[in-house]
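Hi,

Here is the structure I said I would pass on. Have a look at it first, and my notes follow underneath.

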Amino acid sequence: GNKLLRRVAAAAGVRLQPLVTAGSGGRAPPGVLYEADGWHEIGAFLFGQDGTVPGVPATGSAPVQVPRVLAVAGSDSGGGAGIQADMKTCAALGAFATTAVTALTAQNTHGVHEVHTVPISSILAQMSAVLDDIGADVIKTGMLPSPEAVEAVAGYLRAIPEGERPLLVVDPVLVATSGHALGKAGVMEAMRKHLLPLATVVTPNLPEASALLGGRGIHDLEDMKRVAQDLHRMGPQYVLVKGGHLVSQHLEIAQLATDVLYDGKEHRVFTERAVRTSNSHGTGCTLASAIAAGLANGLPMLQAVQQAKAYLTSALRASALLGIGTGTSRPLNHAYRITDWATPGTPGACASTPRLHPDVLRLYAVTDAACDARQGRTTLQSVRAALAGGAGVVQLRLKDVDGGPFLEQAREVVGSCREAGALSIINDRVDIALAVGADGVHVGQNDMPAAEARRLLGAGR
């Protein structure tokens, strides 16, 4: 015992009591100071008699299963593309990323300066080490530097029993954003023959899609749809043709970035407002990894693509003014939700809420059916007028409409917003927002909790 402490306590009128008499709340009554007989009593008081920490699973509890993505791709020393982008994207969208490095590149914002390919035996050893232990829900392939590497990876995957084989996202990387070649001759032919038949989804941009089809020209949306159909015949379950390159080729659609998803039956068109920035290095890797993260989290393909495209667009907006490097091929801020360098003095602010670029928020329009009726116009006419007037966000608010009519009007409004490059928000109805591919949902205090709505909508909205 501490004699001095006892004398001070007595002088102050404080009674010492054994710690074992303390209640579960741990708060001493007025005028009482608890006294421990040793560290074992303190440990039992803090962590329980069995040594467990309150709120933390005890040793021996069933492990929590996490979504897992294995990225088989090249390393980008500049941190914008390749496995670096894959890992950052998966972390941002709630998946645990592992890697099998296929090549080491010396690159920065000026371009690729050197490529060192990893021996095929090492690529396969990395895959085996990960899959034999950690496992994967989805495998995402990026840069495969040679036909032999493509064939070896495909052979490894083919040997996994079909019911046990992870989903496969194939990003057919041949050329870096800077224009530098990343694969040897024959890689595309090897992909066509060996990898695409195994793919859950393949995600070519227009140059890659053209190369896969022998150099075919792709000039507009209808060409993209035909290309998606032809690539689907090569074996993948889904084809996502990315139309970002059309933005720089055609002035009439310069404000939009359009992608086409084809499942063998139906084309789904995704349109976002194009973001003009040099901070676009690694967008292909990022989108493919974002899709992989969504699939690993159990999202269906359509929702995984919607989430991925929304995430990439938001990352581009948040990165538009960042000065990372001195070249013209600068990287994204994949962690824009955690650290927003573009907003001075607020690093880490609003970590759970995506930031929208100021040009999107110049006007937020909310529909009012009663007002429209008094003015003798439909809701769709009102929305189109708002878009023509510069609205960047439209919230569809239909209090007295339900079921099929609500769904039909929502589909028309979302379509008009996409054509104008504006964001679409559905009032109250998460199910309608998901069904029509809206950018978000507005929920009130008496509606579904915001956290639950976010879980249903997925990250990036």
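How many bridges join S4 to S5, and do these strands run parallel or antiparallel? There are six bridges, and the two strands run antiparallel. Before the rest, please keep in mind that this is a predicted model.

S4 and S5 make a hairpin, with two residues between them. If you want a spot to zoom in on, Ala-106 has Glu-114 in S5 as its bridge partner.

The hairpin strands belong to a bigger arrangement: an open sheet of nine strands, ordered S5-S4-S3-S6-S7-S8-S9-S10-S11, with mixed pairing. Its edges are strand S5 (111–117) and strand S11 (267–273), each of which pairs on one side only. For a parallel part of the sheet, go to strand S3 (residues 68–76) and strand S6 (residues 138–141), which are joined by four bridges. There, Val-72 is matched with Thr-141 in S6 as its bridge partner.

Back to S4 for a moment. This strand covers residues 96–108, and Phe-96 is part of it. Phe-96 counts as partly exposed because its relative accessibility is 43%. Together with Val-64, Val-66 and Ile-134, Phe-96 makes a nonpolar surface patch of about 370 Å².

Now the aromatics. Searching the whole structure turns up one aromatic pair. Its members are Tyr-311 and Tyr-336: the ring centres are 5.9 Å apart and the planes sit at 35°, so the pair is classed as tilted. Tyr-311 is in helix H11 (residues 301–319), while Tyr-336 is in the loop between H11 and strand S12 (364–366), so to speak a link between distant parts of the chain, 25 residues apart. Are these two tyrosines, Tyr-311 and Tyr-336, buried or exposed? Both are buried.

Helix H11 also holds Arg-317. Arg-317 counts as buried, because its relative accessibility is 6%. Its C-alpha atom is separated by 6.3 Å from that of Val-275, although Arg-317 and Val-275 are 42 residues apart along the chain.

One last item, since you may like a charge over a ring: Arg-429 lies over the face of Phe-406, at 5.6 Å from the ring centre.

Cheers

Definitions and conventions: Residues numbered from 1 in each chain as written. Predicted model: local features only at pLDDT ≥ 70, side-chain atom pairs only at ≥ 80, totals over all residues. Heavy atoms only, no water. Patch = residues over 30% accessible without salt bridge, like charges linked within 9 Å, V, L, I, M, F, W, Y side chains within 5 Å. Areas by Shrake-Rupley, 256 points an atom, 1.4 Å probe, with all protein chains shown as cover. Salt bridge = Lys/Arg side-chain N within 4 Å of Asp/Glu carboxyl O. Buried < 20%, exposed > 50% of the residue type's maximum accessible area, 1.4 Å probe, protein only. Phe/Tyr/Trp six-rings, centres within 6.5 Å; stacked < 30°, edge-to-face > 60°. Lys NZ or Arg CZ within 6 Å of the ring centre and 35° of its normal. Pairing = 2+ DSSP bridges.
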